[in-house]
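Please study the sequence and the model shown below before attempting the exercises. Each exercise consists of a task and a solution in steps.

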Amino acid sequence: MNSVEFTSLQHLRFAWLGILVLGGVSFIGDPGAFFMRAGAGAGSAALAQTQAVQPLSANDVSWLFPAPTRAEDFAKLISMRDLTAPNPQDPTKRDPVWSDLAFQQFLGIAASSAALVAGTQNRIGLPAEAQSIEAWHIAGVRIDPGAPGLSNAVRDQFGQSPQIRLIVQPVTQNADGTPKVHDIAAHLIFGFVEGAEAAAQAGCSPRPKPDLAAFGEIVAELAALRTKLSDGQLGASKITTSGALLGVHPGLIDATTASNVRQEMKALLERHLSAQRLGAMAIMGLPAGAPQPWIFLSMLNLPPGAVPSLPNGGFVPVHGPALDGQQFAELLNPAGAAQRVVPVPHTNNLMPMTCMHAALPIPGPPVAERRGSSTADLFVNPPPPPDTTRNIVDLIADPTRSHFFNTDCVSCHTDTRRAMELLNITDIPGIDATLLPKGPWNVRNFGWSPPTGGRAQPTVTRRTATETADVVNFINAQLLAK
C-alpha cells in the first residue's frame, strides 16, 4: 500500500467531526495535540540547529528496512509490540503505539463483512499467526508533511495533514527457524494537525491545518540523524544518503552502522508517535488459506459520538472514495481471471481538483460525472496502445493529479508492474532497480515481497518514488530552515 491510498484518511475524520458540530471547526483537532509530546526538549534543541543544514534526500524521509531472511534477522526487526510511548496520565509507564484496543478493532474490521468484496465470495481471512501483535514488524516508514498531496491545488481542496506512516507486515518463524514474511501488509497512519478551517466546497470535509511546530521537530531530527550518519557518529563507516537511489536505507545496509541507525529510528518514532495520534489504518490481505486475490480495505478512527454503534469512538471501515460510494473493499485477481479488478473503479483523476468523493457522508460527484483512468483499463486483452498505456501509468504515478480521494487502491499498487510488462520498462529514475517488483504477484509499493522460490525481497515502486520526491522538495523548500 502507499499514500495515494491511505495517507489521507485523517481528512475523512474531519468530515465526521464537521457533521458533529454542524460545520463548526473551532474545536476540531488531532487528539494527540492534547497530550504532551515526549522528547519535546530534545526536538526543540535539534530544531534550533537547522539554520544551515544540508537538504534532505529520499532515504531520509522514506525508510525501507532490509527484508528478514535468516534466523538471526529477527533480532534486527522492530516489533509493533516493542514500539511504545509514555502513558499520557503517567509518564513513568509506557504504552504500545499500536494499542491493544486498536489492534483488536483492526482484526475485527478485517474479519467483518466490509472485507467481503461485492459480487464475489472473496474476503480477507487473516491466518492465526497474524492475529498476534507480536507478529507485526515495521517494514518501512514514510514521513510526509501533507496528505493527500503537496501541490497547491490539492492543499486548497483538502488542507494539509502531516503524518508518519508505518508499513507493517507479519513475520513468523518457519520450522527451521528462518523468518516467514507473509503476503499481508498494514498501514498505521499517525497525524500531526491542529484544528481545521472551513471546507473548500459545500458538502466537503473541513480542511485540517498542519501542526508545523510538531512536524518541524521531526524534520529537525531527520536532519540530525542524516548528519550523524554521514559524520561517522553511528558506526565505523561514514554513510551518506545524498544522491542515493531510493531503496533500503543505506545506514541499515552497512554492518557497522545498522544497529545504531535502527535504534535511532526507533527512538525518533517513540518520541513522536502515540496511540492517541493513530488516526487511520489499512490492510492488504488475502482470503483464508489462499495465495490470491489481493484485497484492499481502509479504516478510520472516529471520535466519541460520531456513530451510535461506537459511543466511545473507534475505528470503522471506509468506503472506497473512487468506487461507487457503497463498497468498502477492492480486489486484484491474478492473471487468467475473467475480471482482474473488482469492483470496477470510477476514478476522477482527469477532472479539475475537487474535494468531493464517494467516501463522504453525502457522496459525490455522481459516477456519471466523473472522468478518470485506472490500471483496470490496462488489464484487458489485447492491452491498449503504448501511448495510452504510458498516459495511464504516468497519471497514476503523479501525486499532483492522482490521490486517495480520486484514484482506486489497485491502480497505485499495479502501475509499476503494468509499465514494466506493457512498456518493457526495466529502470525507473531515482529507484534502486534491483528493488522493482519482480513479478505481477508483487503488489508491494514499499515493503517486503514474500519469496516465490527464493528469499523475501524489499520492493520500491514508481508511485512511492514520485511521492517521496514531492516530500523532499517540500521539506527542503518550506520547512528545513525554519
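The exercises that follow go from the whole chain to single residues and then to enclosed spaces.

The model is predicted: local features need pLDDT of at least 70 and side-chain atom pairs count only at pLDDT 80 or more, while totals for chains, interfaces and linings use all residues. Residues are numbered from 1 along each chain as its sequence is written, and side-chain values use heavy atoms, with hydrogens and water left out.

**Exercise 1. The chain as a whole**

Determine what the secondary structure of the protein chain comes to, and state what percentage of its residues count as buried.

Solution. Step 1: Helices (H or I, at least four residues) and strands (E, at least two) are DSSP runs, numbered from the N terminus. The protein chain has 12 helices and 16 strands.
Step 2: Buried means under 20% relative accessible area, exposed over 50%, and partly exposed in between, with a 1.4 Å probe and protein chains only. Of the 482 residues, 58% count as buried.
Step 3: A contact means heavy atoms within 4.5 Å. Among contacts with a separation of 6 or more, 68% join residues 24 or more positions apart.

**Exercise 2. The span of helix 9**

Compare the expected span of helix 9 with the distance between its end C-alpha atoms.

Solution. Step 1: The expected span is 1.5 Å times one less than the number of residues.
Step 2: Helix 9 covers residues 258-272, so its 15 residues should span 21 Å.
Step 3: The end C-alpha atoms are 22 Å apart, which agrees with the expected span.
Step 4: The buried residues of helix 9 include Val 261, Met 265, Leu 268 and Leu 269, and also Arg 262, Lys 266 and Glu 270.

**Exercise 3. Strand 4 and its partners**

Explain why strand 4 is described as largely enclosed, and identify its pairing with strand 1 and strand 5.

Solution. Step 1: Strand 4 (residues 136-147) is largely enclosed by the rest of the structure because 12 of its 12 residues are buried.
Step 2: Two strands pair if DSSP finds at least two bridges between them. Strand 1 (residues 62-64) runs antiparallel to strand 4 and is joined to it by 3 bridges; here Ser 62 stands opposite Arg 142.
Step 3: Strand 5 (residues 161-173) also pairs with strand 4 in the antiparallel sense, over 9 bridges. Leu 166 of strand 5 is the bridge partner of Val 141.

**Exercise 4. Two loop residues**

Decide whether Ile 428 is buried or exposed, and do likewise for Ser 57.

Solution. Step 1: Ile 428 lies in the loop between helix 11 (409-423) and strand 15 (446-449). Its relative accessibility is 9%, so Ile 428 counts as buried.
Step 2: Beyond four places in sequence, Ile 428 contacts Thr 416, Leu 436 and Arg 462. Its C-alpha atom is 9.1 Å from that of Ala 465, although 37 residues separate the two in sequence.
Step 3: Ser 57 is in the loop between helix 3 (40-47) and helix 4 (58-61). At 13% relative accessibility, Ser 57 counts as buried.
Step 4: Leaving out residues up to four places away in sequence, Ser 57 touches Thr 241, Ser 242, Gly 243 and Val 472.

**Exercise 5. The second largest cavity**

State which residues lie nearest the centre of the second largest cavity.

Solution. Step 1: On a 1 Å grid over the protein atoms alone, a cavity is a set of points where a 1.4 Å probe fits but cannot get out, and lining residues have an atom within 4 Å of a point.
Step 2: Of the 13 lining residues, Gly 320, Pro 321, Leu 323, Glu 330 and Cys 409 lie nearest the centre.
Step 3: Strand 11 (residues 294-302) supplies the largest share of this lining, 3 residues.

Note on methods. 1 Å grid on protein atoms, 1.4 Å probe; cavity = no way out; pocket = protein on both sides within 12 Å on 5 of 7 lines; lining within 4 Å.
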